[in-house]
Amino acid sequence: MRTHLLVLLSCLPSLLVSKICWNECRSDSEKDSLVKSLDIAGCHRRSTYPEYEDFWCEGSDGPPCTALTGETLSINMEIFNPGIANLTQSAAYLVTSFISVPWPGMDTDGCNYLDGGKGCENLEGRLSQFSMPVYIESYYPPGKYDLKYQLYEQLEDGSEEELVCVLFTLRIA
């Protein structure tokens with residue numbers, strides 16, 4: 001009995017880790033990635049029916065993050081923060097073969113979600129946590145969407161520099 005309990009407890013951490021299939025927008029050779037990890041908390045997952053299959057990802061290929069209308073997901077990233085002073089743009093786009101459409105209802109002030117709202121105050125290079133809630137509005141139609149999520153730093157001259165760009169799939173049921 002004690003052995004069974006130990007085996008069960010040793011498996012618990014792997015069950016608690018949420019998994020999301022994602023890719024960077026740019027190739028590895030263009031720029032060092034600032035994204036160290038990405039997760040979307042609140043996704044529903046299920047095994048392939050009728051046979052059980054373990055969760056798998058190959059880049060962004062794999063089971064999508066599934067959400068229901070009225071739920072709130074949380075985009076959580078650990079990023080290398082080079083000393084961001086003004087993360088004013090955070091945007092998600094619905095990506096089709098010919099156009100990217102802005103995702104409605106997204107807050108564009110990224111500083112609110114970097115290190116608990118205090119990340120833009122510290123200009124030292126460090127690992128930072130970015131955590132942004134995303135409410136699944138009732139007017140979002142059910143379907144499977146390929147999304148592009150980007151973070152920009154607004155520079156002193158008014159121009160923007162893309163810091164993060166990731167691709168993932170969201171299914172609204």
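Buried here means under 20% relative accessible area. By that cut-off, both Tyr113 and Phe130 are buried; the tour comes back to them. The model on screen is predicted.

**Whole chain**

Start with a cartoon view of the protein, which holds one helix and nine strands. Followed from the N terminus, the elements run α-β-β-β-β-β-β-β-β-β. Of the 173 residues, 32% count as buried. Switch on a surface: the accessible area comes to about 10,600 Å², and carbon and sulfur atoms account for 54% of that. If you draw contacts with a separation of 6 or more, 70% of them join residues 24 or more positions apart.

**The nonpolar core**

Next, select Met77, Leu87, Trp103, Phe130, Tyr149, Val164 and Leu170. These are the residues with the most contacts inside the largest nonpolar core, a set of 36 residues. Colour the strands that give two or more residues to this core: β2 (35-41), β3 (65-67), β4 (72-81), β7 (126-135), β8 (143-154) and β9 (160-172). The largest share, six residues, comes from β9. As background, nonpolar side chains in soluble globular proteins tend to be buried together.

Centre on Leu87 and show what surrounds it. Beyond residues up to four places away in sequence, Leu87 touches Thr108, Asp109, Gly110, Cys111, Leu114, Cys120, Phe130, Leu151, Tyr152, Glu153 and Leu163.

**Aromatic pairs**

Now show the rings of Phe, Tyr and Trp. The structure holds five aromatic pairs. One of them is Tyr113 with Phe130, an edge-to-face pair at 6.3 Å centre to centre and 70° between the planes. Because Tyr113 sits in the loop between β6 and β7 while Phe130 belongs to strand β7, the pair ties together parts 17 residues apart in sequence.

Keep Phe130 selected and add Tyr149. Their ring centres are 6.3 Å apart with the planes at 55°, so this pair is tilted. It links distant parts of the chain, Phe130 being in strand β7 and Tyr149 in strand β8, 19 residues apart. Phe130 has a relative accessible area of 1% and is therefore buried. Tyr149 also counts as buried, at 1% relative accessibility.

From Tyr149, go to Val164. The two are 15 residues apart in sequence, and their C-alpha atoms lie 7.8 Å apart in space. Both are among the residues with the most contacts inside the core.

For another group of rings, select Trp103, Tyr139, Tyr140 and Tyr145, which form one aromatic cluster. Trp103 is also on the list of core residues with the most contacts.

**The salt bridge**

How many salt bridges does a search of the whole structure find? It finds one. Select Arg126 and Asp115, whose closest N and O atoms are 3.3 Å apart in this salt bridge. Arg126 lies in strand β7 and Asp115 in the loop between β6 and β7, so the bridge ties together parts 11 residues apart in sequence.

Are the two partners buried or partly exposed? Arg126, at 16% relative accessibility, counts as buried. Asp115 is partly exposed, with a relative accessible area of 27%.

Stay on Asp115 and check its backbone. Its phi is near 50°, a positive value in a residue other than glycine. Most residues other than glycine have a negative phi.

**A patch on the surface**

Return to the surface view and select Phe98, Ile99 and Val101. Together they make a nonpolar surface patch of about 320 Å². Ile99 is found in the loop between β5 (89-95) and β6 (100-102). With a relative accessible area of 42%, Ile99 is partly exposed.

**Arg171**

The last stop is Arg171, in strand β9. Its relative accessible area is 35%, so Arg171 is partly exposed. Measure to Pro142 in the viewer: the two residues are 29 apart in sequence and 7.3 Å apart in space, C-alpha to C-alpha.

Which residues are in contact with Arg171, leaving aside its neighbours within four places in sequence? They are Pro64, Cys65, Thr66, Ala67, Gly143 and Lys144. Of the strands coloured earlier, β3 covers 65-67 and β8 begins the range 143-154.

Terms used. Residues numbered from 1 in each chain as written. Predicted model: local features only at pLDDT ≥ 70, side-chain atom pairs only at ≥ 80, totals over all residues. Heavy atoms only, no water. Core = buried A, V, L, I, M, F, W, Y, C linked by side-chain atoms within 4.5 Å. Buried < 20%, exposed > 50% of the residue type's maximum accessible area, 1.4 Å probe, protein only. Helix = DSSP H or I, 4+ residues; strand = E, 2+ residues; numbered from the N terminus. Contact = heavy atoms within 4.5 Å. Patch = residues over 30% accessible without salt bridge, like charges linked within 9 Å, V, L, I, M, F, W, Y side chains within 5 Å. Areas by Shrake-Rupley, 256 points an atom, 1.4 Å probe, with all protein chains shown as cover. Salt bridge = Lys/Arg side-chain N within 4 Å of Asp/Glu carboxyl O. Phe/Tyr/Trp six-rings, centres within 6.5 Å; stacked < 30°, edge-to-face > 60°.
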